[in-house]
Amino acid sequence: MTARGRERRGRRLVSFLAPYLRPERPLIAGGFAAMLAEVAFRLLEPWPLKFVIDAVIAPGAAADPGIPALLVVCALGVVAAAALRALSSYLMTVCFSLAGTRAMNAVRGDVYAHTLRLPLRFHTGTRSGDLINRLVSDIGKLRDVAVTAAMPLIGNVVTLVAMLVVMLVLDWRLGLVVAAALPVFLLHSRRASRRITDAARVQRAREGELAGAAGESFGAIKVVQAYTLESELERDFARSNERELTEGVRATRLAAGLERWTDVLVGVATGAVLLVGGWSVLEGHLTPGELVVFVQYLKGAFKPMRDLAKYTGRIAKAAASGERIVDLVGTRSELGDLPGAHRMGRVEGALSFRRVSAAYGEGEPALHEIDLEIAPGERVALVGQSGSGKSTLAALLLRLHDPVAGSVRIDGRDLRAYTLASLRAGIAIVLQESVLFTGTIRDNIRMGRPDATDEHVEWAARVANVDEFAGRLPGGLDAVVGERGDTLSGGQRQRIAIARAVLRDARIVILDEATTGLDAASGAAVREALDRLSAGRTTLVVTHALDDALACDRVVVLDRGRVVEQGAPDELLARPGSRLSILNRREDARA
Ligand code: ADP
Ligand code: MG
C-alpha cells in the first residue's frame, strides 16, 4: 500500500472514531488528569534516594543529629509517592477502560446497523463470515488496544518528555546523550510499525477469508455432508489456515524484533550515561546522589520507550483491524431516503416500469428497458427461463437495488419519492425459500407486523393454513422452530411466510416462485393460502407452472431481460409458437 493511501485510511479511522469519543469527554479528561498525576509521582519517586545518598556519604554524616529525621522523612516520602502513583495509575486505567469500552460498543452497534442496511448488491458480494469477523473480532481488537495500549501510550510519551526535561536540567551533557537515542528509536519504530501493519492487514484479511469459508460450509452443512465434501473443505481450510499463520508469525516476529532492538538501544544509552556520568561526578558537576537519580530516570524513561515498542506492534495490528471497519463503514448505501421523501401511505397499487434497465456490476444488464404497466388489483404472471430477470424485476419494486436507467413507479410516483421503510412496509413478498428465525412460529409470523395483537396473528395463521399443521405440534403456534426453520418442511415454512405476508395487509403482493419445488399436497395448501393473501390486491406471480400463469389476468414473458410477449392467458395459449409452452403442466391441476 502506498504511503498516501495508508495515511488517508489512518485519517479516516481517526475521524470515524472521534464522534464516539466525544460523549466520553469527562471520563477521558479524568483519565488524563490521573495520568499527569501519575507522571508527576513517577518523577518524584527517585528524589528521596538522592537526599539519602548525598547525606550519608557526606563527611561526618554519622555524627550529624539531623540524619535520622531525614532518613525517616525520605522513607515516608518514597512510600507516599509509590502509593499515590498506584492510586493515580488505577484511576487512569479505570477512566480510560470505561471510556474506551463504551465508545467501542457504540461503534459496534452502529456498524451492525449500518451493515444491515447495505444494499443486496453488497451482501451478495461479501461473505457473511467475514462481516461477522469484522463486527465481533476486529472491533474487539480495536477496543482492547485503545484501552490497554493507545491511552497508556500517551502517558508514556508525557513521562518520557518530562523525564528528559529534568535530565537536561540536572546535567545537560548527560541529557543530550539520552536525547540522542530518541530519534534513532523513533525512526526505526516508525518503519517497523509500518511493516507490522502491512503484515497484520494481510493476516486479518486471511482471517476474514477463513471465517467466510467456515460460515459458508456451516450454513450449507446438509449439502456438505450429503456430498461428503468434508475432507475437501478441510483441505481448503487447512491451506488458508496456514497462509494466515505465515502472516501472523511475520507480524509477531516484526513486533518482537522491534522490542528486542529497543532493549539493545537502552543498553547502549545506559552504558554511555555511566561513562559520561561517572566522569561528571569526578569533575564535581554532579553529586553521586544525582547520578543515581539520573540512572533511575534513565530506567524510568526507557521503560516507556520499551513499552512504546511493545505497543507499536499491537497498535499496528489494531490499525489493520480499524481499516477493515472503516472500509465497511465507508461502503455507503446508495439506497438511502432522498431529501423530501415522504411516507407511502395507503396506495391503490398501480405499478409502472418505464424503460427500466437494471444491472449487477459490469457485464450484460439483467433487465433491458422494461416497459410494463400494471393496474391496481391486477394479477400478473411473470414467466421466463431461469436467469431471465424475474427476481431482479421484483427486487426493483422493493428497492433492494435501484434501476440504472428508467423509473419504477407506484401510483404514478417514482419509488425514490417514498421513504424506504414505508415503501417496503407496503409490499408483501413470499419467496421460494422462506427463511424463518430461531423462535416460535408466532414470533416468526409477527415479523410481518411487529405491533400485531395475538388475535391478529392467530387470524393470519388461519388464513395461511398454518393452524392446520401447528395444531399438531406441541405448543401449537408457540412451538419453537430451529435455526432457519430447518425443523419444518418446505410447505410448512412457506405457509408461515405467507401468514407473515398476510399480517402486512399490503396492497401489493409479490410471489417469487412461492410454490416451486413443493409436492402436490403441500402445494395445494400453499396455493390456497396464497390465493387468500393476494385476493383483490395487485399481485406479481413469478412462476414456472402453467396453471398458476393461467389463473392470472395477464401473462408477461421475459427472456434475457426483455419482455418478449404479453397478453391474456387464453390469447397466448391460442397463439401459435407462444412461449407459454415452456411452462410446466402440473399433475395436481387447480380445482
Ligand atoms: P430469474 O429470477 O428470472 O431466474 P434473476 O432476476 O435472478 O433471474 O437473474 C437475472 C440475471 O441477473 C441472471 O443473469 C443472473 O445471473 C443475474 N443476477 C441475479 N442476481 C445477481 C446478483 N446478486 N449478482 C450478480 N448477478 C445476478
Ligand atoms: Mg428468480
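**Two pockets and a helix in a predicted model**

User: What is the volume of the second largest pocket?

Analyst: This is a predicted model, in which local features need pLDDT of at least 70, side-chain atom pairs count only at pLDDT 80 or more, and totals for chains, interfaces and linings use all residues. Residues are numbered from 1 along each chain as its sequence is written. A pocket is an open set of points on a 1 Å grid over the protein atoms alone, where a 1.4 Å probe fits, with protein on both sides within 12 Å along at least five of seven lines. The space filled by probe spheres set on the points of the second largest pocket has a volume of about 1,500 Å³.

User: Which helix gives the most to the lining of the second largest pocket?

Analyst: Lining residues have an atom within 4 Å of a point, and 41 residues line this pocket. Helices (H or I, at least four residues) are DSSP runs numbered from the N terminus. With 11 residues, the greatest contribution comes from H1.

User: How far apart are the end C-alpha atoms of helix H2?

Analyst: Helix H2 covers residues 25-44, which is 20 residues. The expected span is 1.5 Å times one less than the number of residues, so H2 should span 28 Å. In agreement with this, the end C-alpha atoms are apart by 29 Å.

User: Which pocket lining draws at least three residues from each of domain 1 and domain 2?

Analyst: Domain bounds come from an automatic or database domain assignment, with domain 1 at 3-329 and domain 2 at 365-590. The lining drawing on both belongs to the largest pocket.

Methods. Chains lettered and ligands numbered in written order. Heavy atoms only, no water. Helix = DSSP H or I, 4+ residues; strand = E, 2+ residues; numbered from the N terminus.
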